[in-house]
Amino acid sequence: MSDFYEFEKVSYLENCESGRDEFLAKSIKKLEQVFFINSKYLQEGETSIFKPFNIGSEEDCYSYLEQNFKPCFLCSPSFDQSGQAYLIFWKEDEGYYRIIQSNAMGGFHSPGGGKNII
């Protein structure tokens, strides 16, 4: 992770992780952008760690496909009964796996007029 943040010394990362030093703003921004981290989680302690994409937005889906993300489904543990799953996009980028999931589970029954049907 020191390489990821472009820190010259691993000890700087260790100091940041232990609370003896602070992460640089550019490091936090990179973490948020690469791994889709919710900035409110880092700044305010909001419970949602990751930012989702809008499953009803064709623009969001096309954008990830154009960035060479691959689509995949993350099925609910009760998928056999509910038929519900999250649409996720993933790719390996510079040795890291980047994953973003949809903001809602889609399935065979959609309260959104059909836009959430997978």
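**Exercise 1. Work out why Cys72 has no disulfide partner in this predicted model.**

*Step 1.* Start with what we're looking for: a disulfide is a covalent bond between the sulfur atoms of two cysteines.

*Step 2.* Find the closest candidate. For the sulfur of Cys72, the closest cysteine sulfur belongs to Cys75, and it is 8.2 Å away.

*Step 3.* Bring in the cut-off: a pair of cysteine sulfur atoms has to be within 2.5 Å to count as a disulfide. Because the sulfurs of Cys72 and Cys75 are 8.2 Å apart, they are too far from each other for a bond.

*Step 4.* Zoom out to the whole model. The structure holds zero disulfides.

**Exercise 2. Sort Cys61, Cys72 and Cys75 into buried, partly exposed or exposed.**

*Step 1.* You need the limits here: under 20% relative accessible area is buried, over 50% is exposed, and anything in between is partly exposed.

*Step 2.* Take Cys61. Its relative accessible area is 15%, so Cys61 is buried.

*Step 3.* Now Cys72, which has 33% relative accessibility and so counts as partly exposed.

*Step 4.* Cys75 has a value of 43%, so it is partly exposed too. You'll find Cys75 in strand E1, residues 70–75.

*Step 5.* One extra look at Cys75: its C-alpha atom is 8.8 Å from that of Met105, and these two residues are 30 apart along the chain.

**Exercise 3. Find the residues of the largest nonpolar core and the elements that supply at least two of them.**

*Step 1.* List the members. There are nine: Phe36, Phe53, Ile55, Cys61, Tyr64, Phe69, Leu87, Phe89 and Ile100. Yes, that's the buried Cys61 from the last exercise.

*Step 2.* Match them to elements. Helix H5 (58–66) and strand E2 each give at least two residues to this core.

*Step 3.* Don't stop there! Apart from this core lies another one, made of eight residues, including Phe4, Leu13, Val34 and Ile37.

*Step 4.* For the overall picture, buried residues make up 29% of the 118 residues in the protein chain.

**Exercise 4. Describe the largest pocket: its space, its lining and the elements involved.**

*Step 1.* Get the volume: the largest pocket has about 180 Å³ of space.

*Step 2.* Look at the walls. The lining has 13 residues, and those nearest the pocket's centre are Phe50, Lys51, Ile99, Ile100 and Gln101.

*Step 3.* Ask which elements give two or more residues to the lining: strands E2 (85–93) and E3 (96–101) do. The largest share, three residues, comes from E3.

*Step 4.* Sort the lining by class, and you get eight nonpolar, four polar and one charged.

**Exercise 5. Locate Asn68 and Glu94, and say what their phi angles have in common.**

*Step 1.* Asn68 is in the loop between H5 and E1. Its phi is positive, about 70°, although it isn't a glycine.

*Step 2.* Glu94 is in the loop between E2 and E3. Glu94 isn't a glycine either, and its phi is positive at about 55°.

*Step 3.* Check accessibility: Asn68 has 59%, so it counts as exposed, and Glu94, with 72%, is exposed as well.

**Exercise 6. Give the chain's fold pattern and say where confidence is lowest and highest.**

*Step 1.* Count the elements: six helices and three strands. Along the sequence they run α-α-α-α-α-β-α-β-β.

*Step 2.* The chain's average pLDDT is 86, and 89% of the residues score at least 70.

*Step 3.* Confidence is lowest in helix H6 (residues 79–82), with a mean of 76, and highest in helix H2 (residues 10–18), at 94.

Methods: Residues are numbered from 1 along each chain as its sequence is written. This is a predicted model: local features need pLDDT of at least 70, side-chain atom pairs count only at pLDDT 80 or more; totals for chains, interfaces and linings use all residues. Side-chain values use heavy atoms; hydrogens and water are left out. On a 1 Å grid over the protein atoms alone, a cavity is a set of points where a 1.4 Å probe fits but cannot get out, and a pocket is an open set with protein on both sides within 12 Å along at least five of seven lines; lining residues have an atom within 4 Å of a point. Grid points are joined across faces, edges and corners, and a volume is the space filled by probe spheres set on the points. Helices (H or I, at least four residues) and strands (E, at least two) are DSSP runs, numbered from the N terminus. Ala, Val, Leu, Ile, Met, Phe, Trp, Tyr, Cys and Pro count as nonpolar, Asp, Glu, Lys and Arg as charged, and the others, Gly among them, as polar. Buried means under 20% relative accessible area, exposed over 50%, partly exposed in between (1.4 Å probe, protein chains only). pLDDT is the predictor's confidence in each residue, from 0 to 100. A nonpolar core is a set of buried Ala, Val, Leu, Ile, Met, Phe, Trp, Tyr and Cys residues joined through side-chain atoms within 4.5 Å.
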